[in-house]
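Work through these exercises with the model open beside you. Try each task before you read its solution.

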Amino acid sequence: MESRLRVLVVDDEPLARHRLRRLLASEAGVEVVGECASAAEAEAALASGPVDLLLLDVQMPGEDGFELLERLPRERRPQVVFVTAHDQYAIRAFRVHALDFLLKPVESSSLHEAVARARERAAEEERAGERRDSADDLDRRLRSLLAELASPPRTLDRLLVRDGGRIDFVHADEVNWFEAAGNYVRLHLGERRLLLRQTLSALEEQLDPRRFLRIHRSVIVQLDRVRELHRLAGGDFAVVLDSGERLTLSRTYRERFEAAVGIASDDAG
């Protein structure tokens, strides 16, 4: 049985709040505990009772959605899904660890996926006891977050990808392999295919070279996904992933690949 998810809708537009409430009505186990038209109303609502998920607009009269989050103590901050008509806020939402970023008008499928993610995250936190962390642990996590914001990581762990009417946050380790597609990169995540507006060369510079390696001029593979290596005619090799996908390791990148996976040339094939 799915656990109940308590949702607070925050948007200064009555029609937007009505649409979200109507879409949430079809989600099993979801309880809309309130609607707010401003950050001040939302802060009061969050102080009055528990909320698991905050559907939060960015631009509102008075404080905006980001300012609301800055004012909330960490222990009172629920999971956040931004709902806005302005995609330029996606990177900022990423930095405050939003669960998702939906573009108006919100599609029912996008909202359904966001709710499913929130439910899954809430269940994980409950199992791990994260909602009852000690004050010392909360302080440690806050210091870690501030340090992360002050010094962005040298390698890219999450990618911002437009997927229909949403901005999807994709963890790099979810991607089996990356494929060049002109000025875009196609992300292969099992059955899913997403397009990232970036060149493969630019992406390669941001990924952790210990985990991701270019094996062809048009392919970067996650090394943990590699299961087999087979010799092909002409000096190339077939790299077989745990998903069953077969990729070509070209001669140009063979030496780097062998060094990365710790094999000698005579061992391959």
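**Exercise 1.** Which side chain meets that of Asp52 in a salt bridge?

*Solution.* First, the ground rules. This is a predicted model, where local features need pLDDT of at least 70 and side-chain atom pairs count only at pLDDT 80 or more, while totals for chains, interfaces and linings use all residues. Residues are numbered from 1 along each chain as its sequence is written, and side-chain values use heavy atoms, with hydrogens and water left out.

Step 1. Apply the criterion: a salt bridge puts a side-chain nitrogen of Lys or Arg within 4 Å of a carboxyl oxygen of Asp or Glu.
Step 2. The partner is Arg6, at 2.9 Å from N to O.
Step 3. Place both residues. Asp52 sits in the loop between helix H2 (39-48) and strand S3 (53-56), and Arg6 in strand S1 (residues 5-10). The two are 46 residues apart, so the pair links distant parts of the chain. Helices (H or I, at least four residues) and strands (E, at least two) are DSSP runs, numbered from the N terminus.
Step 4. Check burial. Buried means under 20% relative accessible area, exposed over 50%, and partly exposed in between (1.4 Å probe, protein chains only). Asp52 is buried at 7%. Arg6 is partly exposed at 30%.

**Exercise 2.** Which residue forms a salt bridge with Glu204, and how far apart are the closest N and O atoms?

*Solution.*
Step 1. The partner is Arg214, with the closest N and O atoms 3.0 Å apart.
Step 2. Glu204 belongs to helix H7 (residues 200-206) and Arg214 to strand S11 (residues 212-216), so the bridge ties together parts ten residues apart in sequence.
Step 3. Glu204 is partly exposed at 27% relative accessibility. Arg214 is buried, at 10%.

**Exercise 3.** Find the salt bridge of Glu35, then put it in the context of the whole structure.

*Solution.*
Step 1. The side chain of Glu35 meets that of Arg21, at 2.5 Å from N to O.
Step 2. Glu35 is in strand S2 (residues 30-36) and Arg21 in helix H1 (residues 14-24), 14 residues apart.
Step 3. Glu35 is partly exposed at 33%. Arg21 is partly exposed at 34%.
Step 4. Widen the search. The whole structure holds 20 salt bridges. Asp11, Glu13, Asp57 and Lys104 are joined in a network of them.

**Exercise 4.** Glu31 is also found in strand S2. Which residues does Glu31 touch, not counting those up to four places away in sequence?

*Solution.*
Step 1. Use the contact cut-off: heavy atoms within 4.5 Å.
Step 2. Glu31 touches Arg4, Leu5, Arg6 and Val7.
Step 3. Take Arg4. Glu31 and Arg4 are 27 residues apart in sequence, but their C-alpha atoms are 7.0 Å apart in space.
Step 4. Glu31 is partly exposed, with 35% relative accessibility.

**Exercise 5.** Which residues of helix H8 (251-261) are buried, and what do they pack against?

*Solution.*
Step 1. Start just before the helix. Ser250 lies in the loop between strand S15 (246-249) and H8. Ser250 is buried at 13%. Ser250 touches Ile215, His216 and Asp236, leaving out residues up to four places away in sequence.
Step 2. The buried residues of H8 are Tyr253, Arg254, Phe257 and Glu258. Down the helix axis they fall within an arc of 145°, so they line one face. The arc is that of the directions from the helix axis to the C-beta atoms.
Step 3. Recall the geometry: an α-helix has 3.6 residues a turn, so residues three or four places apart point the same way.
Step 4. The buried residues pack against S11, strand S13 (226-231), strand S14 (237-241) and S15.
Step 5. Turn the helix over. The face away from the buried side carries the exposed residues Thr252, Glu255 and Ala259.
Step 6. Look just past H8. Gly262 takes a positive phi of about 75° there.
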